[in-house]
Amino acid sequence: MAGSTPQPRRYYLTTPIYYVNDSPHIGHAYTTLACDVLARFKRLDGYDVFFLTGTDEHGQKVEKAAQAAGLEPQAFTDKVSQNFRDLAKFMNYSNDQFIRTTEPRHIEASQAIWRAMAATKSPKGRDNIYLGKYAGWYAVRDEAFYGEGELKDGPGGKKFAPSGAEVEWVEEPSYFFRLSDWQETLLEFYRAQPDFIAPETRRNEVVSFVSSGLTDLSISRTTFKWGVPVPGDPAHIMYVWVDALTNYITAVGYPDENSPNFKKYWPANLHMVGKDILRFHAVYWPAFLMAAKLAVQKRVFAHGWWTNEGQKISKSLGNVIDPFDLVKRYGLDQVRYFLLREVPFGNDGDFSHRTIVTRINSELANDLGNLAQRALSMINRNCAAKVPQPGTLSDEDTKLLDQAYGLLAALRVTFDNQAFHEALETVWRVVRAANGYVDHQAPWGLRKTDPARMATVLYVLAETIRHIATVLQPFMPDAAGRMLDQLGVPADKRSFALLGPAGAVAPGTTLPAPQGVFPRYVEAAEGAA
Ligand code: MSP
């Protein structure tokens, strides 16, 4: 339409909201990091992004942790929630909002979705919510109900969930959600949207779980108080997962479905979750949303879990990895790089000192750091610290530049698949090609024999490094930003729209003195403090 400005494309992505029973650890840092990298990528690619994270503050687990700390639940959650905000700042996350489930707007939204579900009928024409009595097993650690058949016997007659959490027998009046009536609708939904659950192995697990039959879900509790009261029956509080999942719509303005953010961002493009909580996001949440006559999110990606030097991370083993310590030891962008490079996203991964040091030294310090340092110091010394004027390009020059120009299209695909490790591998193919090019062109030898050719080679390198640094901004915002500073790229000229020849570095631009961006990790001398 003549005169109309096209609206930017929207992208809404969420992390799980974190239980505030404990301090943040590497697992929490990981989920939010993956979302941060994706959010930054989409923003640089011209999207209007809304990136949400926050804390899950109700339920028995948090109530018990507050009791153990000798605090009222509200005072306790205020304190622990702040640790997660501090982590977000410390890790340089670019979240647009931080939601807390104890906020009044969220209580209102949770009660509204409950009412909306209660007002509708299931696909089989029955009430979606009904009052009954729950008698079964519950794991406080997982905040999840388990069937007898799923449990394992442990010492002292105790029973354990497949996650390893101890279960207890619960018998109480409870409202139920008529999940059993939603089986066919859900299966049809998964068939119609093959990309809804990723990776594919996880999708298959969910489909087979739903195909094997669903039982109704207990969605209220009466034996403790720390939760959102059920509308019209305050003796019950909502099952914490009903309230927790609702955070994704509270944050964009629900129950006001006409609010600008709700209209703009819902349904979310992506809920990023760990594999342990996929069922809640891919089975219960879509059923709740359909029952409340709301649109279902577009996709759920379940990532794997980290172990520490081969062992499961747990407080009792004393091997919890504190992200604050990790960053102090290895550097922020180094940790951000490692976590997304080491493991194919979706698989489990093992953290070890040796592997992070190898990645830092061989890929960041050697491959990328040396490339930038070599090219920039040659420009500094031999071209009077100005971007050189290129002459006619050779086939080799064009080949390298074309690889750099091709980065964005390849990365868009990897990002839409949440294949962060592949995105980095794609960038490193160009880093390695550029290092091969430097070795082969040997610009240091051209200084005397063919200065015009040297200028062209250094120009091609500067342009290639500009592309590499620009697409690395989502992963390592600070280090990539410093590389772009050193290439004289102004802060407002770093979006993906300026990739390619249109945004080329201008010959003659004066460059600052080059400084190494990625120091090698050197082991402290034995016996040193
Ligand atoms: N409060 C719920 C989520 C509600 S979302 C509506 C919850 N919180 S959690 O704090 O226990 O976990 C948050 C996320 O951290 C989960 O996605 C979980 O998979 C992730 N991780 C916890 N430990 C982890 C590792 N060791 N490794 C990777 N991620 C792990 O669940």
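This report describes strands, aromatic and charged contacts, and enclosed spaces in a predicted model.

**Strand 15 and its neighbours**

Strand 15 is mostly covered, with five of its five residues buried. From this strand L270, M272 and G274 point one way, whereas H271 and V273 point the other way, and all are buried. This arrangement can be read against a general rule, namely that in a regular strand the side chains alternate between the two faces of the sheet.

Strand 15 has parallel pairings with strand 1 and with strand 16. Strand 1 is joined to strand 15 by two bridges, and the two strands run parallel; within this pairing, T14 has H271 of strand 15 as its bridge partner. Strand 16, which covers residues 300-303, pairs with strand 15 in the parallel sense over four bridges, and here the bridge partner of V273 is A302.

**A three-stranded open sheet**

Elsewhere, three strands form an open sheet in the order 18-17-19, and the pairing in this sheet is mixed. Strand 18 (311-312) and strand 19 stand at the edges with a single partner strand each, so one side of each is left without a neighbour in the sheet. Strand 17, made up of residues 306-308, runs parallel to strand 19 and is joined to that strand by three bridges, with T307 having D350 of strand 19 as its bridge partner.

**Aromatic rings and charges over rings**

Over the whole structure, a search finds 37 aromatic pairs. In one of them, the rings of Y12 and W266 have centres 6.2 Å apart and planes at 70°, so the pair is edge-to-face. This contact links distant parts of the chain, since Y12 belongs to strand 1 (residues 10-14) while W266 lies in the loop between helix 8 (260-265) and strand 15, 254 residues apart. Both Y12 and W266 are buried.

Charged side chains also lie over aromatic rings: the charged end of K42 sits over the ring of Y47, at 4.4 Å from the ring centre, and R221 lies over the face of Y138, where the distance to the ring centre is 4.6 Å.

**Salt bridges**

The count of salt bridges comes to 29, and the table gives three examples.

| Pair | Closest N and O atoms |
|---|---|
| D36 and R40 | 3.0 Å |
| K159 and D153 | 3.0 Å |
| K275 and D348 | 2.9 Å |

Where in the sequence do K275 and D348 lie? K275 is in the loop between strand 15 (270-274) and helix 9 (278-291), and D348 is in the loop between helix 11 (332-341) and strand 19 (349-351), so the pair ties together parts that are 73 residues apart in sequence. K275 is partly exposed, with a relative accessible area of 27%, and D348 is likewise partly exposed, at 43%. Salt bridges that share partners also join D36, R40 and R336 into one network.

Within this network, D36 and R40 are four residues apart in helix 1 (residues 26-44), and are therefore separated by about one helical turn. Is D36 buried or exposed? D36 has a relative accessibility of 0% and so counts as buried; R40, at 16% relative accessibility, also counts as buried, because the cut-off for that class is under 20%. In the bridge between K159 and D153, by contrast, D153 is exposed, with a relative accessible area of 63%.

**Cavities and a pocket**

The structure holds three cavities of 30 Å³ or more, and about 60 Å³ of space lies in the largest of these. The lining of the largest cavity is made up of Y18, H28, T32, T53, G54, F84, L87, A88, Y93 and F98. Helix 1, strand 3 (48-56) and helix 3 (73-90) are the elements that give two or more residues to this lining, and helix 3 provides the largest share, three residues.

The second largest pocket holds about 410 Å³ of space. This pocket is lined by 19 residues, of which A198, R299, D416, N417 and Q418 lie nearest its centre. Strand 10 (197-198) and helix 6 (200-211) are the elements that give two or more residues to the lining of the pocket, and the largest share, three residues, comes from helix 6.

Note on methods:
Residues are numbered from 1 along each chain as its sequence is written. This is a predicted model: local features need pLDDT of at least 70, side-chain atom pairs count only at pLDDT 80 or more; totals for chains, interfaces and linings use all residues. Side-chain values use heavy atoms; hydrogens and water are left out. A salt bridge is a side-chain nitrogen of Lys or Arg within 4 Å of a carboxyl oxygen of Asp or Glu. Buried means under 20% relative accessible area, exposed over 50%, partly exposed in between (1.4 Å probe, protein chains only). Two strands pair if DSSP finds at least two bridges between them. Rings of Phe, Tyr and Trp (its six-membered ring) pair if their centres lie within 6.5 Å; planes under 30 degrees apart count as stacked, over 60 as edge-to-face and the rest as tilted. A charge sits over a ring if NZ of Lys or CZ of Arg is within 6 Å of the ring centre and within 35 degrees of the ring normal. On a 1 Å grid over the protein atoms alone, a cavity is a set of points where a 1.4 Å probe fits but cannot get out, and a pocket is an open set with protein on both sides within 12 Å along at least five of seven lines; lining residues have an atom within 4 Å of a point. Grid points are joined across faces, edges and corners, and a volume is the space filled by probe spheres set on the points.
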